[in-house]
Amino acid sequence: MPLLTRMLTAPLSIDVRRGAVAALGELLADRRIATEGRVAIAVGPGQGEKIAEHARESLAACEVFQVEGGTVDAAVALGSRLRAGSYEAVVGIGGGRTIDATKYAATLSGIPMVSVATNLSHDGICSPVASLTHEKGKGSFGVVMPLAMVVDLDYVHAAPPRLVRAGIGDVVSNFSAVEDWLLAAEHCGEKVDRMALTVARTAAEALLHQPGTIDSDRFLTVLAEGLVLSGLAMSFAGDSRPASGGDHEILHAIDQLYPNTANHGELAGIGAAFCFHLRATRLGDGAERLAEIVACLDRHGLPKLPEDVGLTVEEFTTAVRYAPRTRPGRYTILEHLDLDEAATRKAVEEYVQAHGG
Ligand SMILES: [Zn+2]
(Lines give C-alpha, C1' and ligand atoms only; values in the text may rest on other atoms or scores of the structure.)
Protein backbone atom coordinates (compact mmCIF):
# COMPACT_ATOMS: atom_id res chain seq x y z
CA MET A 1 0.00 0.00 0.00
CA PRO A 2 1.40 3.45 -0.82
CA LEU A 3 2.30 5.74 2.01
CA LEU A 4 -0.52 8.24 2.02
CA THR A 5 0.28 10.16 5.16
CA ARG A 6 3.41 11.25 6.92
CA MET A 7 4.46 11.48 10.53
CA LEU A 8 5.32 14.93 11.83
CA THR A 9 7.41 15.75 14.86
CA ALA A 10 5.55 18.00 17.28
CA PRO A 11 5.63 18.62 21.03
CA LEU A 12 3.48 16.40 23.24
CA SER A 13 1.73 19.44 24.60
CA ILE A 14 1.43 23.17 24.02
CA ASP A 15 0.19 25.19 26.95
CA VAL A 16 -0.31 28.96 26.66
CA ARG A 17 -1.95 30.50 29.71
CA ARG A 18 -1.52 32.28 33.02
CA GLY A 19 -0.14 30.21 35.87
CA ALA A 20 1.54 27.65 33.62
CA VAL A 21 4.81 27.57 35.59
CA ALA A 22 2.95 26.61 38.77
CA ALA A 23 1.45 23.62 36.96
CA LEU A 24 4.75 22.31 35.60
CA GLY A 25 4.93 19.36 37.97
CA GLU A 26 1.50 18.18 36.85
CA LEU A 27 2.42 18.52 33.18
CA LEU A 28 5.64 16.52 33.56
CA ALA A 29 3.87 13.75 35.46
CA ASP A 30 0.72 13.65 33.31
CA ARG A 31 2.66 13.46 30.09
CA ARG A 32 5.03 10.92 31.62
CA ILE A 33 7.98 13.14 30.77
CA ALA A 34 9.34 12.79 34.30
CA THR A 35 7.71 10.16 36.45
CA GLU A 36 10.29 10.03 39.23
CA GLY A 37 10.72 13.75 39.73
CA ARG A 38 14.35 13.77 38.60
CA VAL A 39 14.11 17.07 36.78
CA ALA A 40 16.73 19.71 36.11
CA ILE A 41 15.62 23.31 35.72
CA ALA A 42 17.72 25.77 33.77
CA VAL A 43 17.07 29.44 34.37
CA GLY A 44 18.67 32.61 33.08
CA PRO A 45 20.28 35.39 35.11
CA GLY A 46 17.45 37.99 35.38
CA GLN A 47 14.19 36.60 36.73
CA GLY A 48 15.81 33.18 37.22
CA GLU A 49 15.68 32.82 40.98
CA LYS A 50 12.10 33.95 41.29
CA ILE A 51 10.91 31.58 38.58
CA ALA A 52 12.92 28.68 39.98
CA GLU A 53 11.31 29.23 43.37
CA HIS A 54 7.89 29.30 41.75
CA ALA A 55 8.62 26.09 39.79
CA ARG A 56 9.83 24.35 42.95
CA GLU A 57 6.32 24.57 44.36
CA SER A 58 5.22 21.89 41.91
CA LEU A 59 8.57 20.16 41.34
CA ALA A 60 9.82 19.50 44.83
CA ALA A 61 12.86 17.41 43.95
CA CYS A 62 14.12 19.42 41.03
CA GLU A 63 17.62 20.80 40.79
CA VAL A 64 18.14 24.33 39.53
CA PHE A 65 20.99 25.41 37.26
CA GLN A 66 21.86 28.96 36.26
CA VAL A 67 22.61 29.45 32.58
CA GLU A 68 24.90 32.38 31.98
CA GLY A 69 23.59 33.76 28.70
CA GLY A 70 23.08 32.27 25.27
CA THR A 71 26.60 31.18 24.43
CA VAL A 72 27.85 27.86 23.09
CA ASP A 73 30.16 27.67 26.13
CA ALA A 74 27.30 28.13 28.60
CA ALA A 75 25.24 25.50 26.76
CA VAL A 76 28.09 22.99 26.67
CA ALA A 77 28.77 23.54 30.40
CA LEU A 78 25.10 22.95 31.17
CA GLY A 79 25.12 19.89 28.92
CA SER A 80 27.93 18.24 30.85
CA ARG A 81 26.26 18.96 34.18
CA LEU A 82 23.05 17.43 32.87
CA ARG A 83 24.92 14.37 31.68
CA ALA A 84 26.60 13.99 35.06
CA GLY A 85 23.27 13.87 36.92
CA SER A 86 20.76 11.27 35.81
CA TYR A 87 17.86 13.51 34.96
CA GLU A 88 14.70 12.42 33.20
CA ALA A 89 14.24 15.83 31.62
CA VAL A 90 15.42 19.40 31.69
CA VAL A 91 13.09 22.38 31.81
CA GLY A 92 14.46 25.60 30.30
CA ILE A 93 12.66 28.60 31.77
CA GLY A 94 13.24 32.11 30.49
CA GLY A 95 13.70 34.16 27.36
CA GLY A 96 15.14 33.14 24.04
CA ARG A 97 18.75 32.90 25.19
CA THR A 98 18.10 30.62 28.12
CA ILE A 99 15.81 28.41 26.09
CA ASP A 100 18.25 28.16 23.20
CA ALA A 101 21.13 27.26 25.52
CA THR A 102 18.97 24.66 27.25
CA LYS A 103 17.82 23.12 23.95
CA TYR A 104 21.43 22.71 22.90
CA ALA A 105 22.44 21.30 26.30
CA ALA A 106 19.53 18.84 26.26
CA THR A 107 20.53 17.68 22.77
CA LEU A 108 24.15 17.18 23.91
CA SER A 109 23.13 15.22 26.96
CA GLY A 110 20.42 13.21 25.22
CA ILE A 111 17.52 14.05 27.53
CA PRO A 112 14.16 15.59 26.62
CA MET A 113 13.63 19.29 27.07
CA VAL A 114 10.57 21.26 28.08
CA SER A 115 10.51 24.87 26.96
CA VAL A 116 8.90 27.44 29.28
CA ALA A 117 8.88 30.88 27.68
CA THR A 118 8.65 34.01 29.81
CA ASN A 119 8.85 36.43 26.92
CA LEU A 120 7.91 36.19 23.26
CA SER A 121 10.86 37.77 21.51
CA HIS A 122 11.31 35.15 18.77
CA ASP A 123 10.19 31.82 17.35
CA GLY A 124 13.10 29.90 18.87
CA ILE A 125 10.94 29.20 21.93
CA CYS A 126 9.64 26.12 20.13
CA SER A 127 11.86 25.22 17.19
CA PRO A 128 14.48 22.67 16.24
CA VAL A 129 17.09 25.44 15.98
CA ALA A 130 19.20 27.10 18.69
CA SER A 131 20.84 30.45 18.06
CA LEU A 132 23.97 30.77 20.21
CA THR A 133 26.96 33.08 20.29
CA HIS A 134 30.55 31.88 20.08
CA GLU A 135 34.01 33.43 19.53
CA LYS A 136 33.21 34.23 15.90
CA GLY A 137 29.75 35.69 16.40
CA LYS A 138 26.36 34.03 16.28
CA GLY A 139 25.47 30.65 14.86
CA SER A 140 22.33 28.56 14.32
CA PHE A 141 22.54 24.99 15.53
CA GLY A 142 20.14 22.16 14.82
CA VAL A 143 18.76 20.72 18.06
CA VAL A 144 16.04 18.36 19.18
CA MET A 145 12.59 19.95 19.27
CA PRO A 146 11.24 20.65 22.79
CA LEU A 147 9.02 17.82 24.03
CA ALA A 148 6.53 20.21 25.57
CA MET A 149 6.00 23.90 25.18
CA VAL A 150 4.70 26.19 27.89
CA VAL A 151 4.08 29.93 27.80
CA ASP A 152 3.19 31.48 31.14
CA LEU A 153 1.26 34.67 30.38
CA ASP A 154 1.78 35.99 33.92
CA TYR A 155 5.50 36.14 33.24
CA VAL A 156 5.01 37.45 29.73
CA HIS A 157 2.98 40.36 31.13
CA ALA A 158 5.81 41.10 33.54
CA ALA A 159 8.53 40.90 30.87
CA PRO A 160 9.94 44.07 29.26
CA PRO A 161 7.36 45.04 26.57
CA ARG A 162 10.12 45.40 23.99
CA LEU A 163 10.98 41.71 24.30
CA VAL A 164 7.36 40.69 23.98
CA ARG A 165 6.41 42.77 20.97
CA ALA A 166 9.58 41.74 19.13
CA GLY A 167 7.99 38.35 18.48
CA ILE A 168 5.42 40.08 16.28
CA GLY A 169 8.22 41.00 13.87
CA ASP A 170 9.45 37.42 13.81
CA VAL A 171 6.02 35.95 13.05
CA VAL A 172 5.20 38.57 10.42
CA SER A 173 8.53 37.88 8.70
CA ASN A 174 7.08 34.48 7.75
CA PHE A 175 5.24 36.25 4.92
CA SER A 176 8.56 37.26 3.41
CA ALA A 177 10.15 33.86 4.07
CA VAL A 178 7.41 31.92 2.30
CA GLU A 179 7.42 34.29 -0.71
CA ASP A 180 11.17 33.71 -0.95
CA TRP A 181 10.59 29.98 -0.80
CA LEU A 182 8.08 30.18 -3.68
CA LEU A 183 10.52 32.35 -5.62
CA ALA A 184 13.23 29.71 -5.13
CA ALA A 185 10.81 27.06 -6.33
CA GLU A 186 10.03 29.03 -9.46
CA HIS A 187 13.57 30.00 -10.34
CA CYS A 188 15.74 27.21 -8.89
CA GLY A 189 13.34 24.30 -8.74
CA GLU A 190 13.60 24.17 -4.94
CA LYS A 191 11.06 21.80 -3.44
CA VAL A 192 8.41 23.53 -1.33
CA ASP A 193 6.79 21.73 1.58
CA ARG A 194 3.27 23.14 1.28
CA MET A 195 2.28 21.84 4.70
CA ALA A 196 5.12 23.74 6.40
CA LEU A 197 4.43 26.79 4.23
CA THR A 198 0.73 26.76 5.15
CA VAL A 199 1.46 26.56 8.87
CA ALA A 200 4.02 29.38 8.74
CA ARG A 201 1.84 31.69 6.68
CA THR A 202 -1.36 31.03 8.57
CA ALA A 203 0.39 31.90 11.82
CA ALA A 204 1.42 35.26 10.35
CA GLU A 205 -2.00 35.86 8.85
CA ALA A 206 -3.71 35.27 12.20
CA LEU A 207 -1.40 37.68 13.98
CA LEU A 208 -1.57 40.37 11.31
CA HIS A 209 -5.35 40.57 11.62
CA GLN A 210 -5.54 40.17 15.37
CA PRO A 211 -6.80 43.36 17.01
CA GLY A 212 -5.52 44.42 20.40
CA THR A 213 -2.06 44.87 21.83
CA ILE A 214 0.45 42.96 23.92
CA ASP A 215 -1.52 44.09 26.98
CA SER A 216 -4.31 41.66 26.20
CA ASP A 217 -4.23 37.94 26.96
CA ARG A 218 -6.06 37.24 23.75
CA PHE A 219 -3.47 38.99 21.61
CA LEU A 220 -0.59 37.39 23.53
CA THR A 221 -2.13 33.96 22.99
CA VAL A 222 -2.28 34.47 19.21
CA LEU A 223 1.31 35.76 19.28
CA ALA A 224 2.57 32.86 21.40
CA GLU A 225 0.75 30.34 19.26
CA GLY A 226 2.10 32.05 16.15
CA LEU A 227 5.66 31.62 17.43
CA VAL A 228 4.97 27.99 18.28
CA LEU A 229 3.49 27.37 14.81
CA SER A 230 6.53 28.99 13.19
CA GLY A 231 8.75 26.61 15.14
CA LEU A 232 6.59 23.68 14.07
CA ALA A 233 6.73 24.79 10.44
CA MET A 234 10.53 24.68 10.63
CA SER A 235 10.35 21.26 12.21
CA PHE A 236 8.04 20.01 9.43
CA ALA A 237 10.27 21.46 6.72
CA GLY A 238 13.44 20.15 8.32
CA ASP A 239 15.08 23.57 8.18
CA SER A 240 14.31 27.21 8.85
CA ARG A 241 13.03 27.95 5.31
CA PRO A 242 9.35 28.67 6.19
CA ALA A 243 10.33 31.30 8.75
CA SER A 244 13.57 32.71 7.42
CA GLY A 245 14.19 34.37 4.06
CA GLY A 246 15.85 37.56 2.88
CA ASP A 247 14.35 39.17 6.00
CA HIS A 248 16.50 36.96 8.24
CA GLU A 249 19.55 37.30 5.99
CA ILE A 250 19.34 41.06 6.59
CA LEU A 251 18.92 40.55 10.32
CA HIS A 252 21.91 38.18 10.49
CA ALA A 253 23.97 40.69 8.49
CA ILE A 254 23.05 43.49 10.91
CA ASP A 255 23.89 41.19 13.85
CA GLN A 256 27.29 40.42 12.38
CA LEU A 257 28.24 43.89 11.13
CA TYR A 258 26.67 45.99 13.87
CA PRO A 259 26.24 43.74 16.93
CA ASN A 260 23.60 44.63 19.53
CA THR A 261 21.69 46.95 17.18
CA ALA A 262 18.31 45.50 18.15
CA ASN A 263 16.82 42.14 19.01
CA HIS A 264 15.98 39.29 16.64
CA GLY A 265 12.25 39.93 16.18
CA GLU A 266 12.66 43.69 15.76
CA LEU A 267 15.19 43.20 12.98
CA ALA A 268 13.12 40.43 11.38
CA GLY A 269 10.20 42.87 11.12
CA ILE A 270 12.30 45.54 9.42
CA GLY A 271 13.86 42.93 7.14
CA ALA A 272 10.45 41.64 6.13
CA ALA A 273 9.10 45.12 5.38
CA PHE A 274 12.18 45.97 3.32
CA CYS A 275 11.99 42.69 1.37
CA PHE A 276 8.35 43.41 0.56
CA HIS A 277 9.36 46.90 -0.54
CA LEU A 278 11.79 45.27 -3.00
CA ARG A 279 9.12 42.86 -4.11
CA ALA A 280 6.53 45.61 -4.61
CA THR A 281 8.84 48.04 -6.40
CA ARG A 282 11.07 45.64 -8.37
CA LEU A 283 8.73 42.73 -9.10
CA GLY A 284 5.45 44.64 -9.04
CA ASP A 285 4.05 42.20 -6.53
CA GLY A 286 3.09 42.36 -2.86
CA ALA A 287 2.30 46.07 -2.43
CA GLU A 288 -0.78 45.25 -0.38
CA ARG A 289 1.15 42.93 1.91
CA LEU A 290 3.85 45.56 2.32
CA ALA A 291 1.23 48.07 3.48
CA GLU A 292 -0.21 45.54 5.94
CA ILE A 293 3.18 44.69 7.41
CA VAL A 294 4.18 48.34 7.77
CA ALA A 295 0.84 49.13 9.42
CA CYS A 296 1.32 46.19 11.79
CA LEU A 297 4.82 47.33 12.80
CA ASP A 298 3.48 50.86 13.34
CA ARG A 299 0.50 49.72 15.33
CA HIS A 300 2.66 47.81 17.80
CA GLY A 301 5.39 50.43 18.04
CA LEU A 302 7.99 48.21 16.40
CA PRO A 303 10.95 49.70 14.55
CA LYS A 304 10.42 49.99 10.82
CA LEU A 305 13.19 52.21 9.45
CA PRO A 306 16.98 51.80 9.74
CA GLU A 307 17.10 54.94 11.91
CA ASP A 308 14.58 53.40 14.34
CA VAL A 309 17.33 50.97 15.36
CA GLY A 310 20.13 53.53 15.09
CA LEU A 311 21.42 52.58 11.64
CA THR A 312 22.16 55.04 8.84
CA VAL A 313 20.99 54.48 5.27
CA GLU A 314 24.61 53.71 4.44
CA GLU A 315 24.90 51.06 7.17
CA PHE A 316 21.61 49.43 6.26
CA THR A 317 22.70 49.37 2.60
CA THR A 318 25.92 47.63 3.61
CA ALA A 319 23.94 45.08 5.62
CA VAL A 320 21.55 44.36 2.72
CA ARG A 321 24.54 43.87 0.40
CA TYR A 322 26.22 41.58 2.93
CA ALA A 323 23.02 39.64 3.74
CA PRO A 324 23.26 36.81 1.13
CA ARG A 325 26.62 35.79 2.60
CA THR A 326 25.02 34.99 5.95
CA ARG A 327 23.05 32.14 4.44
CA PRO A 328 24.88 30.64 1.46
CA GLY A 329 22.63 28.53 -0.72
CA ARG A 330 19.39 30.20 0.33
CA TYR A 331 17.70 31.84 -2.64
CA THR A 332 15.63 34.87 -1.65
CA ILE A 333 14.48 38.15 -3.17
CA LEU A 334 17.97 39.50 -2.41
CA GLU A 335 19.79 36.85 -4.45
CA HIS A 336 17.07 37.07 -7.10
CA LEU A 337 17.47 40.82 -7.68
CA ASP A 338 21.21 40.81 -7.00
CA LEU A 339 21.27 44.61 -6.76
CA ASP A 340 24.64 46.33 -6.88
CA GLU A 341 25.78 48.89 -4.32
CA ALA A 342 24.15 51.92 -5.99
CA ALA A 343 20.88 50.12 -6.73
CA THR A 344 20.70 48.83 -3.15
CA ARG A 345 21.26 52.31 -1.71
CA LYS A 346 18.58 53.68 -4.00
CA ALA A 347 16.13 51.01 -2.82
CA VAL A 348 16.91 51.76 0.83
CA GLU A 349 16.48 55.51 0.25
CA GLU A 350 13.14 54.90 -1.47
CA TYR A 351 12.02 52.69 1.38
CA VAL A 352 12.92 55.32 3.97
CA GLN A 353 11.22 58.02 1.97
CA ALA A 354 8.06 55.99 1.44
CA HIS A 355 7.66 54.92 5.05
CA GLY A 356 9.41 57.57 7.11
CA GLY A 357 7.69 60.31 9.04
ZN1 LIG B 1 13.37 34.39 13.45
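**Note on the sheet and helices of the predicted model**

1. In this predicted model, Ala42 stands opposite Gly92, a residue of strand 4. The two strands concerned, strand 2 (residues 39-43) and strand 4 (residues 89-94), pair in the parallel sense, and five bridges join them.

2. The wider setting is an open sheet of six strands, ordered 1-8-5-4-2-3, with parallel pairing. Strand 1 (13-17) and strand 3 (63-66) are the edge strands, each of them pairing on one side only. From one strand to the next the twist averages 15 degrees.

3. Two helices may be described against this sheet. Helix 3 (residues 72-84) lies across strand 2, strand 3 and strand 4, and runs at about 160 degrees to strand 3. Helix 8 (residues 217-237) also packs on the sheet, where it touches strand 1 and strand 8 (148-152), and its direction makes about 155 degrees with that of strand 1.

4. Helix 6 deserves a separate comment on its length and its course. At 1.5 Å a residue, its 28 residues (161-188) should span 40 Å, and the end C-alpha atoms are 41 Å apart, which agrees with that expectation. Helix 6 nevertheless has a kink of about 25 degrees, centred on Asn174. The residue that follows helix 6 is Gly189, whose phi is positive, near 70 degrees.

5. Which residues make the contact between helix 9 and helix 12? The axes of helix 9 (residues 246-257) and helix 12 (residues 313-322) come within 8 Å and cross at roughly 115 degrees, and the crossing is right-handed. On the side of helix 9 the contact is made by Ile250, Ala253, Ile254, Gln256 and Leu257, while helix 12 contributes Phe316, Thr318, Ala319, Val320 and Tyr322. Sorted by class, the contact has eight nonpolar residues and two polar ones, with no charged residues.

Terms used: Residues are numbered from 1 along each chain as its sequence is written. This is a predicted model: local features need pLDDT of at least 70, side-chain atom pairs count only at pLDDT 80 or more; totals for chains, interfaces and linings use all residues. Side-chain values use heavy atoms; hydrogens and water are left out. Helices (H or I, at least four residues) and strands (E, at least two) are DSSP runs, numbered from the N terminus. The expected span of a helix is 1.5 Å times one less than its number of residues. The bend at a residue is the angle between axes fitted to the seven residues ending there and the seven starting there. Two strands pair if DSSP finds at least two bridges between them. Axes are lines fitted to C-alpha atoms, for helices over the stretch in contact, and angles run from 0 to 180 degrees between N-to-C directions. Contact means heavy atoms within 4.5 Å. A crossing is left-handed if the near helix is turned anticlockwise from the far one by less than a right angle, and right-handed if clockwise. Ala, Val, Leu, Ile, Met, Phe, Trp, Tyr, Cys and Pro count as nonpolar, Asp, Glu, Lys and Arg as charged, and the others, Gly among them, as polar.
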